[in-house]
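Colleague: I should like to learn how a model of this kind is read, feature by feature. May we take the features in turn, with the general idea before the case?

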Amino acid sequence: MSKRVETEVLVQEFAEKAVVHVTSEKSAPANRAARRLAEIYRELRSRGEPSLLIWSQLLENEHPAVRMWAASYGLERFPEKAMSTLLELANGPTGVVRAYTHMSLQLWQDGEFKFP
């Protein structure tokens, strides 16, 4: 399997886990999904800019949970686009994604956001 295909598989898994995280009714699967999201991001970051550029396409994903997770981690490498996405989500419909978005923005503004 080529590096690009491996990266695309990881990016797809990231999207899937982002949805699992915000739609899980129990904390155990949500926590597992969050841990896996961090692992995937670390792996993609270790592969360098080409992998992160593929991953950054998630900032345009149709699912708000995927955009929220991508934007939160994206603050590290794509701050302008990530912030724009987070602000859009923060003004979106009330719900879990909006709440997580507000938490991410607050942590970022307070200088306490930790990247995996």
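Modeller: The discussion that follows moves from the overall fold to single residues and then to a pocket. Please keep in mind that this is a predicted model.

Colleague: Let us begin with the fold. How many helices and how many strands does the chain contain?

Modeller: One reads the secondary structure by listing the elements from one end of the chain to the other. Here the list comes to six helices and zero strands. Read from the N terminus, the order is α-α-α-α-α-α. The radius of gyration of the chain is 13 Å, close to the 13 Å that the globule rule gives for 116 residues, so the chain is as compact as a globular protein of that length.

Colleague: What are the spans of the C-alpha trace along its principal axes?

Modeller: The C-alpha trace spans about 40 × 30 × 25 Å along those axes.

Colleague: What share of the residues is buried, and how much area does the chain expose?

Modeller: Burial is read from relative accessible area, and a residue counts as buried when that value is under 20%. Buried residues make up 41% of the 116 residues. The exposed surface of the chain amounts to about 6,600 Å², and carbon and sulfur atoms supply 52% of it.

Colleague: What share of the contacts joins residues that are 24 or more positions apart?

Modeller: Contacts can be sorted by how far apart the partners stand in sequence. Among the contacts in the chain with a separation of 6 or more, 55% are between residues 24 or more positions apart.

Colleague: Turning to a single element, how many residues of α4 are buried?

Modeller: An element is read by asking which of its residues are covered, and by what. Helix α4 is mostly covered, with 10 of its 11 residues buried. Among them are R67, M68, W69, A71 and Y73. Its buried residues pack against α1 (3-23), α2 (27-46), α3 (49-55), α5 and α6.

Colleague: Is T85 buried or exposed, and which residues does T85 contact?

Modeller: A single residue is read by its element, its accessibility and its partners. T85 belongs to helix α5, residues 79-90. Its relative accessibility is 3%, and because this is under 20%, T85 counts as buried. Apart from neighbours within four places in sequence, its contacts are L59, R67 and A71. R67 and A71 are among the buried residues of α4.

Colleague: Which residues are in contact with T101, its neighbours within four places in sequence left aside?

Modeller: T101, a residue of helix α6, is in contact with M68, L86, L89 and A90. T101 has 0% relative accessibility and therefore counts as buried. Its partner A90 lies in helix α5 and is buried as well, at 4% relative accessibility. With the same neighbours set aside, A90 is in contact with R98, T101, H102 and L105.

Colleague: How is a residue read when it is partly exposed?

Modeller: Such a residue falls between the two cut-offs, which are under 20% for buried and over 50% for exposed. M103, in helix α6, is partly exposed with a relative accessible area of 45%. R4, in helix α1, is partly exposed at 49%. G95 sits in the loop between α5 and α6, and its relative accessibility of 37% makes it partly exposed.

Colleague: How far apart in space are R4 and I54?

Modeller: Separation along the chain and separation in space are two readings, and both should be given. R4 and I54 are 50 residues apart in sequence, and their C-alpha atoms are 8.7 Å apart. A90 and L37 are 53 residues apart along the chain, with 21 Å between their C-alpha atoms. For M103 and T7, the figures are 96 residues and 28 Å.

Colleague: Finally, how much space lies in the largest pocket, and which residues lie nearest its centre?

Modeller: A pocket is read by its volume and by the residues that line it. The largest pocket holds about 260 Å³ of space. Its lining has 14 residues, and W69, Y73, S104, L107 and F113 lie nearest the centre. The elements giving two or more residues to this lining are α4 (64-74) and α6 (96-109). By type, the lining residues divide into nine nonpolar, three polar and two charged. W69 and Y73 also appear among the buried residues of α4.

Notes. Residues are numbered from 1 along each chain as its sequence is written. This is a predicted model: local features need pLDDT of at least 70, side-chain atom pairs count only at pLDDT 80 or more; totals for chains, interfaces and linings use all residues. Side-chain values use heavy atoms; hydrogens and water are left out. On a 1 Å grid over the protein atoms alone, a cavity is a set of points where a 1.4 Å probe fits but cannot get out, and a pocket is an open set with protein on both sides within 12 Å along at least five of seven lines; lining residues have an atom within 4 Å of a point. Grid points are joined across faces, edges and corners, and a volume is the space filled by probe spheres set on the points. Helices (H or I, at least four residues) and strands (E, at least two) are DSSP runs, numbered from the N terminus. Ala, Val, Leu, Ile, Met, Phe, Trp, Tyr, Cys and Pro count as nonpolar, Asp, Glu, Lys and Arg as charged, and the others, Gly among them, as polar. The radius of gyration is taken over C-alpha atoms; the globule rule is 2.2 Å times the number of residues to the power 0.38. Buried means under 20% relative accessible area, exposed over 50%, partly exposed in between (1.4 Å probe, protein chains only). Contact means heavy atoms within 4.5 Å. Accessible areas come from the Shrake-Rupley method with a 1.4 Å probe; for residues, only the protein chains shown count as cover.
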